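Please look over the sequence and the 3D structure shown here before reading the notes below, which are meant for a student in the first year of study.

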Amino acid sequence: MSITVRPGVLEDLPYLLEIEPKATPGLQYLNDVQEEFFNNEIGELVVAEEDGNIIGFGRFSTQFDGSGWLECLRVDPVHQKKGCGAQIWKRYIELCAKYNVPYVRMYTGLTNYASKVLGERNGLHVAYQTQEVTLLKENIPEFEPVEGFEPADCHHCAAAAIEPYAEGFHNYFCTNRTFYTMGEDLYKGLVADNWVWKNGDNMVAIGARFQKDKALHIGLMGGDLDVCMRFALQKFRESGVAKLAFMIPSEREDLHEIAAKYGFTIPTNHIIMLERAF
């Protein structure tokens, strides 16, 4: 018996949706992002088969700057540790060459050794360690509203707002657990989606890559953190979505403190981003 891989098609979706809850019971989102994930013009949904039966899948996407992003690797538990993940990874690396990516990245939990080892076997290394803090709509605290924030209306304006604070986030931007490198291509994308808000030296980037009806994500903030967080809470309240998330560098005690002040749940687990340069 041999494992083969191919680009996924929408007709595969019912089979993939059977695999996902078995592979990752606590993290299921394929159905919500199917329009993007089955768009093989900006990447590929890699489907793995054995004897004609689908046993796993994973998504390769291209980012604003042409880098590759790997996500949603799911293997039916019956077929785990039998080579399926390795075959999907082999296709991932082929896609990196096809799209001539400058970097490829992925995230996983700090203690998810199997995922980390697969990445390292394919040349990736840990580049960034973070914690994702979250606040539910019903737990929004009372706070004093802030005024004066305006959207950045060009990528030069976004760059001027973001770059003084980029180093504090290791020069990465994160939304929906998707990590991007800072730079002009990213700023253009953020401005197009109305992410970046500024008020003097204060700035907040807030929005979502996908599942926009379920959560908002703070990409980064800088300046007076209390003012910035209150503005983020205003945007959260206005949105009506259920959750606000913020991926914080593990060592940033100031951000952990402001998140705790406003009632965010701070987990004990850490999330790592792995990266390979080509």
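What follows is a short briefing on open and enclosed spaces, a pair of helices, and two single residues.

The model is predicted, and the values below were computed from its atoms. Its largest pocket holds about 960 Å³ of space, while its largest cavity has a volume of about 30 Å³. Elsewhere, helix H5 and helix H6 cross at roughly 110°.

**The largest pocket**

- The lining of the largest pocket is made up of 37 residues, and those that lie nearest its centre are Leu 73, Thr 108, Asn 112, Ala 114 and Ser 115.
- At least two lining residues of this pocket come from each of strand S4 (68–75), helix H3 (84–98), strand S5 (103–109) and helix H4 (113–121), and the largest share, six residues, belongs to S4.
- When the lining residues of the largest pocket are sorted by character, 19 are nonpolar, 12 are polar and six are charged.

**The largest cavity**

- By the rule applied here, the count is one cavity of 30 Å³ or more.
- The residues that line the largest cavity are Glu 132, Cys 174, Thr 175, Asn 176, Arg 177, His 217, Ile 218, Ala 245, Phe 246 and Met 247.
- Strand S8 (172–175), strand S12 (215–222) and strand S13 (243–249) each provide at least two residues of this lining, and S13 gives the most, with three residues.
- In character, the lining of the largest cavity divides into five nonpolar, three polar and two charged residues.

**Helices H5 and H6**

- Helix H5 covers residues 155–166 and helix H6 covers residues 184–192, and their axes come within 9 Å and cross at roughly 110°.
- Because of that crossing angle, H5 counts as roughly perpendicular to H6.
- On the H5 side the residues that take part in the contact are His 155, Ala 158, Ala 159, Ile 162 and Glu 163, and these meet Glu 184, Tyr 187, Lys 188, Leu 190 and Val 191 in H6.
- The residues of this contact of H5 with H6 comprise six nonpolar, one polar and three charged.

**Ser 250 and its surroundings**

- Ser 250 sits in the loop between S13 and helix H8 (253–261), and S13 is also a strand that helps to line the largest cavity.
- The side chain of Ser 250 has a polar atom that lies 3.3 Å from the backbone nitrogen of Thr 130, and a polar contact of 2.8 Å joins the side chain of Ser 250 to that of His 270.
- If residues up to four places away in sequence are not counted, Ser 250 touches Gln 129, Thr 130, Gln 131, His 256 and His 270.

**Ala 23 and its surroundings**

- Ala 23 belongs to helix H1, which covers residues 13–23.
- Leaving aside neighbours within four places in sequence, the residues in contact with Ala 23 are Arg 74, Val 75, Pro 77 and Gln 80.
- Ala 23 and Lys 261 are 238 residues apart in sequence, and in space they are 36 Å apart, taken from C-alpha to C-alpha.

Methods: Residues numbered from 1 in each chain as written. Predicted model: local features only at pLDDT ≥ 70, side-chain atom pairs only at ≥ 80, totals over all residues. Heavy atoms only, no water. 1 Å grid on protein atoms, 1.4 Å probe; cavity = no way out; pocket = protein on both sides within 12 Å on 5 of 7 lines; lining within 4 Å. Points joined across faces, edges and corners; volume = space filled by probe spheres on them. Helix = DSSP H or I, 4+ residues; strand = E, 2+ residues; numbered from the N terminus. Nonpolar A, V, L, I, M, F, W, Y, C, P; charged D, E, K, R; others polar. Axes fitted to C-alpha atoms, helices over the stretch in contact; angles between N-to-C directions. Parallel < 35°, antiparallel > 145°, perpendicular 65-115°, else oblique. Contact = heavy atoms within 4.5 Å. Polar contact = N/O pair within 3.5 Å; in protein donor to acceptor, adjacent residues only side chain to side chain.
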